[in-house]
Amino acid sequence: MNIVKNIEVMAARLERAREIVKLGLIYPIYGDPERRYVCKSHSGQQDGNGQVKLYLVSQKGCTCADYRHLREVNGGWCKHRLARELILGGEQDDAGARRAADKNGVAHKGRTQPVGNGDRRRAARTGS
Ligand SMILES: [Zn+2]
């Protein structure tokens with residue numbers, strides 16, 4: 001597949017992945033060390049019993065048909081795996097934001113602390 005087509009395919013999947021997250025169709029298997037997720041069919045596909053289909057989504061793959069198709073095309077980034085990625089990415093961003101805040105706290109403290117000898121003397125005088 002050419003790159004433009006591939007990006008278009010991925011962009012459409014990502015859009016649907018965002019909807020899946022927004023609609024709350026995907027939820028984690030709590031306590032699963034592999035951090036797998038269960039995702040309800042976004043298009044409302046049903047199984048033989050008239051239940052909405054559920055897909056098992058992991059870092060390695062997904063049980064949906066699209067994954068099997070996309071595996072050959074782009075490594076299997078179906079909308080379910082992208083949705084999982086969005087969620088996990090969000091968690092990482094939160095943690096990253098906290099780390100940045102901590103670092104800024106330290107950096108802020110660092111700015112008020114003297115770096116050179118002169119600064120240290122001045123800091124001693126001013127008590128800052
Ligand atoms: Zn899938």
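A helix's expected span is 1.5 Å times one less than its number of residues. Helices (H or I, at least four residues) and strands (E, at least two) are DSSP runs, numbered from the N terminus. This is a predicted model, where local features need pLDDT of at least 70 and side-chain atom pairs count only at pLDDT 80 or more, while totals for chains, interfaces and linings use all residues. Residues are numbered from 1 along each chain as its sequence is written.

**View 1. The whole chain.** The protein chain holds four helices and three strands, and reading along the sequence gives α-β-β-β-α-α-α. Of its 128 residues, 16% are buried (20 or more other C-beta atoms within 10 Å of a residue's own; exposed is 12 or fewer, partly exposed is in between, with C-beta atoms placed from the backbone). Among contacts (C-beta atoms, placed from the backbone, within 7 Å) with a separation of 6 or more, 38% join residues 24 or more positions apart.

**View 2. Helix H1 and its two sides.** With 21 residues at 1.5 Å each, H1 should span 30 Å, and its end C-alpha atoms are indeed 30 Å apart. Its buried residues are Arg13, Ala17 and Ile20. Looking down the axis, they fall within an arc of 55 degrees, so they line one face of the helix (the arc is taken from the directions from the helix axis to the C-beta atoms). Turn to the face away from that buried side and you meet exposed residues, including Val4, Glu8, Glu15 and Lys22. Just after H1 comes Gly24, with a positive phi of about 70 degrees.

**View 3. The largest nonpolar core.** This one has 15 residues, and Ile20, Ile26, Cys39, Val57 and Ala83 have the most contacts inside it. Helix H1 (3-23), strand S2 (37-40), strand S3 (54-57) and helix H3 (79-112) each give it two or more residues. A nonpolar core here is a set of buried Ala, Val, Leu, Ile, Met, Phe, Trp, Tyr and Cys residues joined through C-beta atoms within 7 Å. Leaving out residues up to four places away in sequence, Ala83 touches Ala17, Ile20, Val21, Ile26 and Cys39.

**View 4. Arg35 in its loop.** Arg35 sits in the loop between strand S1 (26-28) and S2. Most residues other than glycine have a negative phi. Arg35, though not a glycine, has a positive phi of about 55 degrees. It counts as partly exposed because it has 15 C-beta neighbours inside 10 Å.

**View 5. Ala65 and Cys78.** Ala65 belongs to helix H2 (residues 65-74). It is exposed, as 12 other C-beta atoms lie within 10 Å. Cys78 is 13 residues from Ala65 along the chain, and their C-alpha atoms are separated by 9.0 Å.

Definitions and conventions:
Two residues are in contact if their C-beta atoms, placed from the backbone, lie within 7 Å.
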